[in-house]
Amino acid sequence: MPEVLKKLINNISLLPWIWEKSATKLAFFLLNTNEHFINDFRWNLENIKNKIGKCKICSSITDLWKNECSICKNTNRNKLQIAVVEEYLDMLTIENSWWFNWVYHILWWAISPINGVFVWDLNFEKLFLRITNSNKNLEIILATNPNIEWEATVSYIFEEIEKRKLKYKVNITRLSRWLSSWYIEYADNITLINALKERKKV
Ligand SMILES: [Zn+2]
């Protein structure tokens, strides 16, 4: 097998959810596909690292030259409801339900003491800044994967908000039920919508 093809198969096989056999198939697909596809693919690969930035408000990903993502920029969104999610894909899952008009805050981590990720490692500072700067009552919806570690997060947010002695009220809510999938990303649409619609005050 040509060296370059071997290397490509190796690259592809290092991607998550790819078996070695699929890596070989994909490499052969690329070898046989048209030039236009390859050029487009190469361009996107090259630019994934240098044309994507983070929204200065919610930390979601956005085009590098934009300060704010399209959701934060949208004046029709309810800025007084902030849904806190762990990952971009969680936000995408909720957005794809087409039910909610709130804005988001992305933490980019899930708490995992076993892996040395604690609540203070998460992207909370920007969230507290948003809360502190608000001149109206807010709702913070903890749309996070419901697991035991999150109990710690809830009390952390509570304490931090309390500490700041804010003029306006901050209501913290959470999903009304545990998702059988354990992950928002994999939850079925109806269960997720209901869990968010019937959310409970913490
Ligand atoms: Zn944003």
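In the predicted model, five strands form an open sheet of mixed pairing, arranged in the order β4-β3-β5-β6-β7. The edges of this sheet are occupied by β4 (102-106) and β7 (200-201), each of which pairs on one side only. Within the sheet, β5 (residues 138-142) and β6 (residues 170-174) run parallel to each other and are joined over five bridges, with Leu-138 standing opposite Val-170 of β6.

The largest nonpolar core comprises 27 residues, and those with the most contacts inside it are Cys-58, Ile-82, Ala-83, Val-84, Val-85, Tyr-104 and Ala-143. Both strands and helices contribute to this core, two or more residues being given by each of β3 (78-85), α5 (88-95), β4, α6 (125-133), β5 and α8 (189-197); the largest share, four residues, is that of β3. The surroundings of Tyr-104 were examined beyond its neighbours within four places in sequence, and this residue is in contact with Cys-58, Ser-60, Ile-71, Ile-82, Ala-83, Val-85 and Met-91.

Helix α8, one of the contributors to the core, has Leu-192, Ala-195 and Leu-196 as its buried residues. Viewed down the helix axis, the buried residues of α8 fall within an arc of 95 degrees and therefore line one face of the helix. These buried residues pack against α5, whereas the face of α8 turned away from the buried side carries Ile-190 and Lys-197, which are exposed.

Methods. Residues numbered from 1 in each chain as written. Predicted model: local features only at pLDDT ≥ 70, side-chain atom pairs only at ≥ 80, totals over all residues. Pairing = 2+ DSSP bridges. Core = buried A, V, L, I, M, F, W, Y, C linked by C-beta atoms within 7 Å. Buried ≥ 20, exposed ≤ 12 C-beta atoms within 10 Å, placed from the backbone. Contact = placed C-beta atoms within 7 Å. Arc of directions from axis to C-beta.
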